[in-house]
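Q: I have a new structure open and I would like to learn how to read its features. Could you walk me through them, one at a time?

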Amino acid sequence: MYPPPRKDFIALTLSDQHSRSYNNGKHRRQSCWRKWKQLSRLQRSLILFLLALLLICGLLSYPSFSEQWRGMSDRAVREDWDEDWERGLKPIPPGVNPVAGPAVGPAVGLAGGAVGPELGPAVGPGLIPEVIPEPQRPKVIPKPPAKKRPFPNKRGPPSLQKEGNVSDSLVKPAEKEPVEKEPVEKAEEEEGEKPLVSWRGAMIEADEATEPPPSAHEKDGAVPPVPVNPEDTAPLAPVSVKPVDRLETVREAFRHAWKGYKEFAWGHDELKPVSKSYGEWFGLGLTLIDALDTMWILGLKEEFEEARKWVETELSFSKNVDVNLFESTIRILGGLLSTYHLTGDEMFLEKAKDIGLRLMPAFKTPSKIPFSDVNIGKGTAHPPRWTSDSTLAEVTSVQLEFRELSRLTQDPQYQEVVNEVMRLVHKLPGKHDGLVPMFINTNSGQFTHKGVFTLGARADSYYEYLLKQWIQGGKTEPDLLEDYLEAIEGVKKHLLRTTGPRKLTFVGELNHNRFNPKMDHLVCFLPGTLALGAHNGLPEDHMELALQLMETCHQMYVQMETGLSPEIAHFNLQPYDGRDVNVKPADRHNLLRPETVESLFYLYRFTKDTKYRDWGWDILESFNKYTRVPSGGYTSISNVRDPVNPGPRDKMESFFLGETLKYFYLLFSDDLELLSLDKYVFNTEAHPLPIWKSPPV
């Protein structure tokens with residue numbers, strides 16, 4: 001806006017309208033000034049406004065001023081457009097009509113960790129990172145359009161980002177550009193790079209929006225002529241789609257975990273990935289032995305060979321160390337037996353014989369119910385310091401391994417001691433419609449702490465091994481089947497409930513006839529076990545219950561902010577809308593457990609419903625986003641409800657390699673004969689053992 005003209009100049013100009021000469025005298029000037037002062041303020045303002053308007057119109061009439069005015073307008077539009085580019089929005093270039101084309105989803109990558117140990121945080125959920133090249137910005141900006149139409153810029157969690165996208169696929173550009181991941185500050189300074197944004201505690205890359213290909217006129221910056229005949233326009237080329245290699249993603253996850261173990265914890269029991277150190281439990285290389293058959297199944301021959309060499313040259317059980325009978329049986333004995341069956345390597349069988357014999361002193365008790373702890377160097381056994389009880393799940397979940405050891409060695413002592421335990425438990429009083437208490441005394445052989453019934457910790461694998469022993473032995477042991485069927489009926493009668501909001505079926509606990517809507521994540525083994533029983537001819541309603549419980553275990557993941565299940569969930573029984581799953585602060589940790597993935601594997605094998613694969617993929621993405629440690633390994637976390645600070649616990653359990661990643665691989669494999677469930681039965685640590693062709697002796 002130009003400044004208003006001075007009052008004396010305006011007065012002189014007005015007086016000139018009534019006189020032809022300025023020199024008519026002082027009297028006339030004073031007369032005009034008096035007339036101007038006699039005008040009202042409104043009249044004077046109107047006169048000034050009209051003069052200013054005439055001045056502006058005169059300036060605009062000159063071509064040079066006009067071109068300058070339009071240039072200023074174009075620059076403003078260009079600056080506005082540049083701001084849209086920086087925000088990730090891509091408006092339609094001026095003068096170009098949108099061209100219909102196939103909907104293409106954003107290029108996204110594996111959340112939480114890029115494929116390959118050298119890459120930094122990945123860019124989104126679901127796919128191997130590749131980037132669609134950005135189109136060149138037009139150098140000349142024509143007149144701005146009447147209305148800008150920015151294309152959608154989709155951001156959000158994995159489940160939301162998949163909507164409208166090609167399922168588990170990636171657009172393959174004609175020319176790929178290398179992905180360079182920079183910090184947020186550098187990314188914003190580099191032209192053409194997409195800014196990083198934070199979603200649920202992980203750094204992900206802003207997605208590219210889909211837009212029509214530029215025309216030749218648009219590239220030249222010219223206004224397009226009259227549209228051509230659509231019949232003369234060449235059709236768009238089909239979009240090539242590259243499916244995600246989920247199996248390779250599992251292999252990469254294993255390699256990343258193995259990298260941390262090899263570098264910071266080689267030969268020790270467990271990796272502490274955050275502190276880049278290790279933890280010892282028994283001092284027997286638990287993670288390495290637990291992972292042997294996983295490496296063989298995944299085809300990781302190089303990693304397997306270096307682990308085999310350690311077992312052959314470094315593993316010794318002649319140590320003055322106490323080990324837990326149950327844990328060393330399912331992880332070490334089970335892992336060695338399974339690897340022997342897969343490879344045919346006699347060295348693994350010899351190691352299995354060694355540890356099996358050293359565990360036998362645990363069964364030398366007055367009641368023949370084994371002690372919980374064994375010193376494998378001294379050949380002595382004892383209960384825990386604080387009690388003479390053993391956990392029921394532990395004494396009834398070593399049978400698959402000891403029975404198989406007897407079959408391979410033709411030495412019946414191993415099978416005899418574990419079969420005796422099952423015979424004693426079969427006849428014991430104190431059961432509640434097939435449900436058993438959690439503890440049993442090693443002196444009296446009787447149940448203790450009666451009245452508490454759960455399918456969670458300290459009881460879970462008792463029910464699992466009833467069915468699996470029956471299958472392992474060729475379905476010839478009726479007592480095992482009888483106990484299993486009775487127990488499932490007891491679960492239906494006493495422990496089964498549904499939530500108020502979404503009617504989710506879950507398994508709670510019974511404490512002296514009082515129901516507690518509490519369910520451990522461990523209970524998520526049950527859908528797979530029920531499905532396995534139905535596959536082997538048990539009642540069809542077992543499969544129906546398996547499908548319902550599988551949905552509940554899935555909801556234990558998706559209703560958490562990190563997409564990972566808590567260790568323990570409490571379910572809402574109230575009939576009003578709200579969250580089905582409630583989690584107490586002390587129960588919010590996640591230990592990288594396998595039970596839900598295990599059941600997804602069974603359900604997919606028996607139903608072929610691909611949703612179970614998709615659910616498993618979502619879980620793997622969440623593990624990669626919230627538990628992957630850049631230097632190698634995965635860590636358990638403290639709070640699945642806090643995606644910003646999930647709280648790494650600095651521990652990678654051996655079962656993450658022995659069970660979780662193995663079940664992921666089997667879930668995603670199209671080879672249904674890979675460890676066929678008609679030929680193998682998995683122990684409770686996911687080590688496959690063969691189903692016997694002839695009945696047990």
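Q: How many residues does the protein chain have, and what share of them count as buried?
A: This is a predicted model, and its protein chain has 697 residues, of which 52% count as buried.

Q: Which helices and strands should I expect, in numbers?
A: The protein chain has 23 helices and 22 strands. For contacts with a separation of 6 or more, 68% are between residues 24 or more positions apart.

Q: How do I read an aromatic pair, and how many are there?
A: Look at two things, the distance between the ring centres and the angle between the planes; over 60 degrees counts as edge-to-face. There are 23 aromatic pairs in the structure. Take Y612 and W615: their ring centres are 5.3 Å apart and the planes stand at 90 degrees, so this pair is edge-to-face.

Q: Where do Y612 and W615 lie, and are they buried or exposed?
A: Helix α22 (residues 611-626) holds both of them, three residues apart, which is about one turn of the helix. Y612 and W615 are both buried.

Q: What does a tilted pair look like here?
A: Try Y663 and F682, with 5.8 Å from centre to centre and 50 degrees between the planes. This pair links distant parts of the chain, as Y663 belongs to helix α23 (residues 654-668) and F682 to strand β21 (residues 680-682), 19 residues apart.

Q: How buried are the two partners, Y663 and F682?
A: Y663 has a relative accessible area of 0%, so it is buried. F682 is buried too, with a relative accessible area of 0%.

Q: Which residues do ring pairs link into a cluster?
A: Find W617, F623, Y634, F656, F664 and F668: ring pairs join them into a cluster.

Q: Rings can also have a charge over them. Where does the charged end of K301 sit?
A: Here you look for a Lys or Arg side chain over a ring face. The charged end of K301 is over the ring of W296, at 3.7 Å from the ring's centre. For an Arg case, turn to R497, which lies over the face of F515, 4.1 Å from the ring centre.

Q: Now for helix packing. How do the axes of α19 and α21 cross?
A: Begin with the distance and the angle between the two axes. Helix α19 (residues 526-535) and helix α21 (residues 595-607) have axes that come within 7 Å and cross at roughly 30 degrees. Angles under 35 degrees count as roughly parallel, so α19 is roughly parallel to α21. The crossing of α19 past α21 is left-handed.

Q: Which residues meet between α19 and α21?
A: From α19 come L526, P527, G528, A531, L532 and H535, and they meet S599, Y602, L603 and F606 of α21.

Q: How do α11 and α13 cross?
A: The axes of helix α11 (residues 301-313) and helix α13 (residues 346-359) come within 11 Å, crossing at roughly 45 degrees. That angle makes α11 oblique to α13. Their crossing is left-handed. On the α11 side the contact is made by F304, R308, V311 and E312, and on the α13 side by M347, F348 and K351.

Q: Let me try a single residue. Where is E404, and is it buried or exposed?
A: E404 lies in helix α15 (residues 399-409). Its relative accessibility is 0%, so E404 counts as buried.

Q: What is E404 in contact with, beyond its neighbours within four places in sequence?
A: The partners of E404 are L337, H341, Q472, L689, P690 and W692. Compare sequence with space for one of them: E404 and W692 are 288 residues apart in sequence, yet 9.0 Å apart from C-alpha to C-alpha.

Q: What is the sign of phi in most residues other than glycine?
A: Most residues other than glycine have a negative phi. K475 is not a glycine, yet its phi is positive, near 60 degrees. K475 is in the loop between α17 (460-472) and α18 (478-495), and at 41% relative accessibility K475 counts as partly exposed.

Q: What is the phi of L592, and where is this residue found?
A: L592 has a positive phi of about 65 degrees, although it is not a glycine. Its place is the loop between β20 (581-582) and α21. L592 has a relative accessibility of 0%, so it counts as buried.

Note on methods: Residues are numbered from 1 along each chain as its sequence is written. This is a predicted model: local features need pLDDT of at least 70, side-chain atom pairs count only at pLDDT 80 or more; totals for chains, interfaces and linings use all residues. Side-chain values use heavy atoms; hydrogens and water are left out. Rings of Phe, Tyr and Trp (its six-membered ring) pair if their centres lie within 6.5 Å; planes under 30 degrees apart count as stacked, over 60 as edge-to-face and the rest as tilted. Helices (H or I, at least four residues) and strands (E, at least two) are DSSP runs, numbered from the N terminus. Buried means under 20% relative accessible area, exposed over 50%, partly exposed in between (1.4 Å probe, protein chains only). A charge sits over a ring if NZ of Lys or CZ of Arg is within 6 Å of the ring centre and within 35 degrees of the ring normal. Axes are lines fitted to C-alpha atoms, for helices over the stretch in contact, and angles run from 0 to 180 degrees between N-to-C directions. Angles under 35 degrees count as roughly parallel, over 145 as roughly antiparallel, 65 to 115 as roughly perpendicular and the rest as oblique. A crossing is left-handed if the near helix is turned anticlockwise from the far one by less than a right angle, and right-handed if clockwise. Contact means heavy atoms within 4.5 Å.
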